[in-house]
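These are my notebook entries on a single chain, kept in the order in which I looked things up. Each entry takes one residue or one element and follows it through the model.

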Amino acid sequence: MELYERLEELDADKAEARASRILHGLGFTAAMQRKSLKDFSGGWRMRVALARALFIRPFMLLLDEPTNHLDLDACVWLEEELKTFKRILVLISHSQDFLNGVCSNIIHLHNRKLKYYTGNYDQYVKTRVELEENQMKRFHWEQDQIAHMKNYIARFGHGSAKLARQAQSKEKTLQKMMASGLTERVINDKTLSFYFPSCGKIPPPVIMVQNVSFRYSKDGHWIYNNLEFGIDLDTRVALVGPNGAGKSTLLKLLTGELLPTDGMIRKHSHVKIGRYHQHLQEQLDLDLSPLEYMLRCYPDIKEKEEMRKIIGRYGLTGKQQVCGGLPSLRREGGAPGL
């Protein structure tokens, strides 16, 4: 009977339609739903794993950064889907908007302790600020009381009998305060300040894209056709579009990793390009420490202390810089959420 009840709850007779609806919401077209998983990139496979977790209608759904591999449309769909989830949902995400739309409670992990807040992320921030302000007021009041009592004890502890008794009384009060536990000073969240050193001046055009067309194979479809634009030092561009549209392909064309099928991309002879992409971690030498890896990548920097300062700007400090191998580093930080 339990099996029959579970099958009825899952709408087993409508399983294929439900699976298709979930996959469609996560960006899979009808044609994509019929393809083999081996034909998909890692990001799309993660979407299938997410669809599987949603499909089984679990009693507890644990989602660790579910929006990492989703485009905007899929994020919006998932947020609406989770709003109606009737059972336990535990969610970790860096997206504050996503947490605001889904969460009814927040758990904050701080100093190896869990603190619980009701409401969405914005309400959590507001409440936390108020509580920390009150905590600091209490902390300063206690420290003033302690300083006053210690000063009184030091001045009158060996004075007249009356003053000595008062000093002893204050000493007992002080001991009780210490024994019952004092209010801790608020420790602010760690913040990182990114510093971009000056790259100097290069006269325009820095990069020129002239009549560029591109496709991966001779018979394949054209991803780009007759692109024409320029990039100067003050150019700031956000490239948006659905997964598979060719955003990463354009970056590969600009860096020279791919060559245009037609047309030309001209770069100034002094241009240096830094690139960070979603699969970069797969190219790291995991047997090296962060310091060793950076020194190998940039042999021009001879001084270890100079490289240590560079790495330290991004949150890796002390022993983390020289720990034995990159796999021993664990991801830190992130927005809390339940």
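**Entry 1: Leu26**

I began with Leu26, which is buried, its relative accessible area being 0%. I note at once that the model is a predicted one. I assign Leu26 to the buried class because the cut-off is under 20% relative accessible area. As to its place in the chain, Leu26 sits in the loop that links helix 2 (15-25) to helix 3 (30-33).

I then asked which residues Leu26 is in contact with, leaving aside its neighbours within four places in sequence. I found Trp44, Arg47, Leu50, Ala51, Leu70, Ala74 and Trp77. I also looked up a distant pair: Leu26 and Lys267 are separated by 241 residues in sequence and by 38 Å in space, C-alpha to C-alpha.

**Entry 2: strands 1 and 2**

I next turned to strand 1 (residues 60-64) and strand 2, which are joined by five bridges and run parallel. Within this pairing I located Met60 opposite Ile88 of strand 2. Between the two strands the chain passes through helix 5 (residues 72-83), and I recorded this β-α-β crossover as right-handed.

Which side chains of strand 2 (residues 88-92) are buried, and which are not? I found Leu89 and Leu91 on one face, both buried. Ile88, Val90 and Ile92 point to the other face and are not buried. I set beside this the general rule that side chains in a regular strand alternate between the two faces of the sheet.

I checked Val90 of strand 2 separately. Its relative accessible area is 25%, so I entered Val90 as partly exposed. The C-alpha atoms of Val90 and Leu63 lie 6.3 Å apart, while 27 residues separate the two in sequence.

**Entry 3: helices 7 and 8**

I then examined helix 7 (residues 121-156) against helix 8 (residues 161-180). Their axes are 9 Å apart and the packing angle is about 145°. I recorded the crossing of helix 7 with helix 8 as left-handed. From helix 7 the contact takes Glu142, Ile146, His148, Met149, Lys150, Tyr152, Ile153 and Phe156. From helix 8 I listed Leu163, Ala164, Gln166, Ala167, Lys170, Glu171, Thr173, Leu174, Met177 and Met178. How do the residues of this contact divide by character? I found eleven nonpolar, three polar and four charged.

**Entry 4: a cis peptide bond**

I looked up the bond from Pro204 to Pro205 and found it cis, with omega near 0°. Pro205 belongs to the loop between helix 8 and strand 5 (207-214).

**Entry 5: the sheet of strands 5, 6 and 7**

I followed the chain into an open sheet of three strands, whose order is 6-5-7 and whose pairing is antiparallel. Strand 6 and strand 7 (262-267) are the edge strands, each pairing on one side only. I noted an average twist of 15° from one strand to the next.

I took the pairings in turn. Strand 5 and strand 6 run antiparallel and are joined by five bridges. Here I found Val209 opposite Phe229 of strand 6, and Phe214 with Tyr224 of strand 6 as its bridge partner. Strand 5 also pairs with strand 7 over five bridges, in the antiparallel sense. In that pairing Ser213 has Asp262 of strand 7 as its bridge partner.

I then asked what lies across these strands. Helix 9 (residues 247-255) lies across strand 5, strand 6 and strand 7, and I recorded its direction as about 60° to strand 6.

**Entry 6: two asparagines with positive phi**

I closed with backbone angles in the sheet. Asn211 lies in strand 5, and its phi is near 50°, a positive value in a residue other than glycine. Is Asn211 buried, partly exposed or exposed? With 46% relative accessibility, I counted Asn211 as partly exposed, because that class lies between the limits of under 20% for buried and over 50% for exposed. Asn226, in strand 6 (residues 224-231), also has a positive phi, near 55°.

Note on methods
Residues numbered from 1 in each chain as written. Predicted model: local features only at pLDDT ≥ 70, side-chain atom pairs only at ≥ 80, totals over all residues. Heavy atoms only, no water. Axes fitted to C-alpha atoms, helices over the stretch in contact; angles between N-to-C directions. Helix = DSSP H or I, 4+ residues; strand = E, 2+ residues; numbered from the N terminus. Left-handed = near helix turned anticlockwise from the far one by under 90°. Contact = heavy atoms within 4.5 Å. Nonpolar A, V, L, I, M, F, W, Y, C, P; charged D, E, K, R; others polar. Buried < 20%, exposed > 50% of the residue type's maximum accessible area, 1.4 Å probe, protein only. Pairing = 2+ DSSP bridges. Right-handed = clockwise from strand over helix to strand, strands pointing away.
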